[in-house]
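Please open the structure in a viewer and keep the selection tool at hand. The tour proceeds by stops, each with a selection to make and a description of what is found there.

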Amino acid sequence: MKNRGGGEQFSRSVISQKWVLFLCLGSFCAGLLFTNRIWFIPEAKGVARTTAFESERLKLVAEGCDPSFSSVKRVPKKIFKEVSNTQNIDMKTTLDKTISSLEMELAAAKAAHESILNGSPVSENDKGSTKRRKYFMVVGVNTAFSSRKRRDSVRAMWMPQGDKRRALEAEKGIVVRFVIGHSATLGGILDRAIEAEDQKHGDIMRLDHVEGYLALSAKTKAYFATAVSLWDAEYYVKVDDDVHVNIATLGETLARHRRKPRVYIGCMKSGPVLSQRGVRYHEPEFWKFGDNGNKYFRHATGQLYAISKDLATYISVNKNVLHKFANEDVSLGAWFIGLDVQHIDDRRLCCGTPPDCEWKAQAGNVCVASFDWSCSGICRSVDRIKEVHRRCGEGEEAVWKAKF
C-alpha cells in the first residue's frame, strides 16, 4: 500500500500453524455436534409406536401375505358375500312369514269383532268367553229362501237337531249350519221367514250377502270369511242342501289329512269352458282361459268340498281382491291355483245315489256324499233323500263312535 508520502508500508498478521489446526478441528467438531443431534419427542400415554419393521409386518397381515399364517386356509371374499346374502334372505323370509301370519290373525279377529257388532250368530260355546274354543270342522249347508222343504228333509235325515246338535258341537267339535244371506229388500218377508225358522231350530248362519244364483262365488267368499270369524276350526266344509252326507265318514276322511298344510279336498275335475251364451254354466270370461275348446284348471266339484283353516283364513284376508268367475267351484279353484296347496282327489265325496253308494257301503267303503251328476244333486231330493239315507246312511250312532 502506498501512503500519502508516496512510500510503501506492508502490514501482516502472523498466525501460527498450531492455532490454525486447532480452529479447524474445533469447527469440525461443532458441525458434527449440530448435524447429528437426536431430538426426542415425548410418547403419548397408552399409544404404542411401531417401528418400520412392525409397520411393514402389519401391512402384510392385512393383505393376507404374512408368512406366519401360510398354514391357514383363507375364505374367498365371494363366499363371505354369499353367506351374507343368504342370511339376509333367510331373515327377510322369516320376517315375511311372521307378518303374513299376524295379518291373517288380525283379519280373523277383526272379522269376528265385526260379526258380533252386526248381530251375526255366535256359537253357544263362544258366548261369554274371551278364549275361542277349538273345533274340528264347520259344515256349511248352502241353501236359498225357496228351499225350506230341502232344509227340513236334511234336518230329518243326516243333520242332528236340538240337544243332539249341541252335543255334536260340545263332544265332537263339529258345527253344522245352513248358510244363507239376505234378500234384496233387507228385512222383508223372506228375511223374516228365515229369522222365524232360525228361532225354531237355531241352525242357520246369516251372511252379509244378497242372495242370487249369479252371486254364488260372492256367497262362497262370505261363508268362509264369516265361518272363520265365528269358529276356530281345523276344516271348513261347504255342501249343497240337496246332497246326502255321512258326517262321521266325512270327519274320518278329513282327519287323515290334518297334519298336512293348506289342504283342498274334493272330487277334482276339469270341465270345458263354455263360451256359448244361454247354456248352463256359461262362462262370460271364457277368453281368459285361452282358445275355444279349452278346459278349466283342476278344481273340486261344488256339491261338497273342504279346505283347511289356513286356506279359509286366506280367503277371509283377501276377500276384497279375489276375482269371482261365474261358477263358484271354478272361483274357489282359481283362488288357490297360484298357492302352494295340496289338491286331494277323493271320489267318496261324490258317490252316486243307490245302487252306487249302496254297493260301496256293503263293500265296507262308505261314501261321504251321494248325489246325481245329472241334477248336480239328488234329483227330487225332498222326495228321495229318505231312500238314499236308508240305503247308504252310515247309521245314527256312527258319529258318536267315531274318533277324530
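The stops below run from the whole chain to individual side chains.

**Overview**

The model is a predicted one. Begin with the entire protein in a cartoon representation, in which 13 helices and nine strands can be followed. Of the 404 residues in the protein, 40% are buried. Among contacts with a separation of 6 or more, 75% join residues 24 or more positions apart.

**Stop 1: the nonpolar cores**

Select Met137, Trp158, Val176, Leu250 and Leu254, the residues with the most contacts inside the largest nonpolar core, which has 41 residues. At least two residues of this core come from each of β1 (134–142), β2 (174–182), β4 (232–240), α8 (247–255), β6, β7 and α12 (381–392). The greatest contribution is that of α8, with five residues.

Now centre the view on Met137. Beyond its neighbours within four places in sequence, Met137 is in contact with Gly173, Ile174, Val175, Ala233, Tyr235, Ile247, Leu250, Gly251 and Leu254. Another core, of 29 residues, lies apart from the largest one; Tyr135, Met268, Leu311 and Ala312 are among its members.

**Stop 2: helix α5**

Display residues 162–172, which form helix α5, and colour its buried residues: Arg165, Leu168, Glu169 and Lys172. These residues lie on the same side of α5, because they cover an arc of only 115 degrees around the axis. Rotate to the face turned away from the buried side, where the exposed residues Asp163 and Glu171 are found. On the buried side, the packing partners are β1, β2, α6 (189–201) and α13 (398–401). Just after the helix, select Gly173, which takes a positive phi of about 70 degrees.

**Stop 3: Thr249**

Move next to helix α8 and select Thr249. Its relative accessibility is 7%, so Thr249 counts as buried. Which residues does Thr249 touch, not counting residues up to four places away in sequence? They are Arg348, Val366, Cys367, Val368 and Glu394. With Glu394, the side chains make a polar contact at 2.8 Å. Val366 is 117 residues from Thr249 along the chain, and the C-alpha atoms of the two are separated by 7.1 Å.

**Stop 4: Asp346**

Select Asp346, in the loop between β8 (342–345) and α11 (356–362). Asp346 has a relative accessibility of 13% and therefore counts as buried. Its side chain reaches the backbone nitrogen of Arg348 at 3.1 Å. Show also Thr253, Gly266 and Cys267, which Asp346 touches when residues up to four places away in sequence are not counted.

**Stop 5: Glu283**

Glu283 is located in the loop between β6 (263–269) and β7 (299–308). Where is the nearest side chain of opposite charge? It belongs to Lys288, 7.8 Å away, and Glu283, although buried, has no salt bridge. A salt bridge would require a side-chain nitrogen of Lys or Arg within 4 Å of a carboxyl oxygen. The side chain of Glu283 does make a polar contact with the side chain of Tyr296, at 3.4 Å. Setting aside neighbours within four places in sequence, the contacts of Glu283 are Val273, Leu274, Phe289, Tyr296, Phe325, Ala326 and Asn327.

**Stop 6: the salt bridges**

The count of salt bridges comes to 28. Select Asp241 and Arg150, whose side chains meet in one of these at 3.1 Å, N to O. The pair links distant parts of the chain, 91 residues apart: Asp241 is in the loop between β4 and β5 (244–245), and Arg150 is in helix α4 (residues 148–157). Asp241 counts as buried at 3% relative accessibility, whereas Arg150 is partly exposed at 31%.

Proceed to Lys219 and Glu211, which form a salt bridge with their closest N and O atoms 3.0 Å apart. Both of these residues are buried.

Then select Arg258 and Glu234, joined by a salt bridge of 2.6 Å, N to O. Arg258 lies in the loop between α8 and β6 and Glu234 in strand β4, so the pair ties together parts 24 residues apart in sequence. Arg258 counts as partly exposed at 33% relative accessibility, and Glu234 is partly exposed with a relative accessible area of 31%.

To finish, display Arg148, Arg151, Asp152, Arg155, Glu197 and Asp203 together; a network of salt bridges links them.

Technical notes
Residues numbered from 1 in each chain as written. Predicted model: local features only at pLDDT ≥ 70, side-chain atom pairs only at ≥ 80, totals over all residues. Heavy atoms only, no water. Helix = DSSP H or I, 4+ residues; strand = E, 2+ residues; numbered from the N terminus. Buried < 20%, exposed > 50% of the residue type's maximum accessible area, 1.4 Å probe, protein only. Lys, Arg positive; Asp, Glu negative; His and termini not counted. Polar contact = N/O pair within 3.5 Å; in protein donor to acceptor, adjacent residues only side chain to side chain. Contact = heavy atoms within 4.5 Å. Core = buried A, V, L, I, M, F, W, Y, C linked by side-chain atoms within 4.5 Å. Arc of directions from axis to C-beta.
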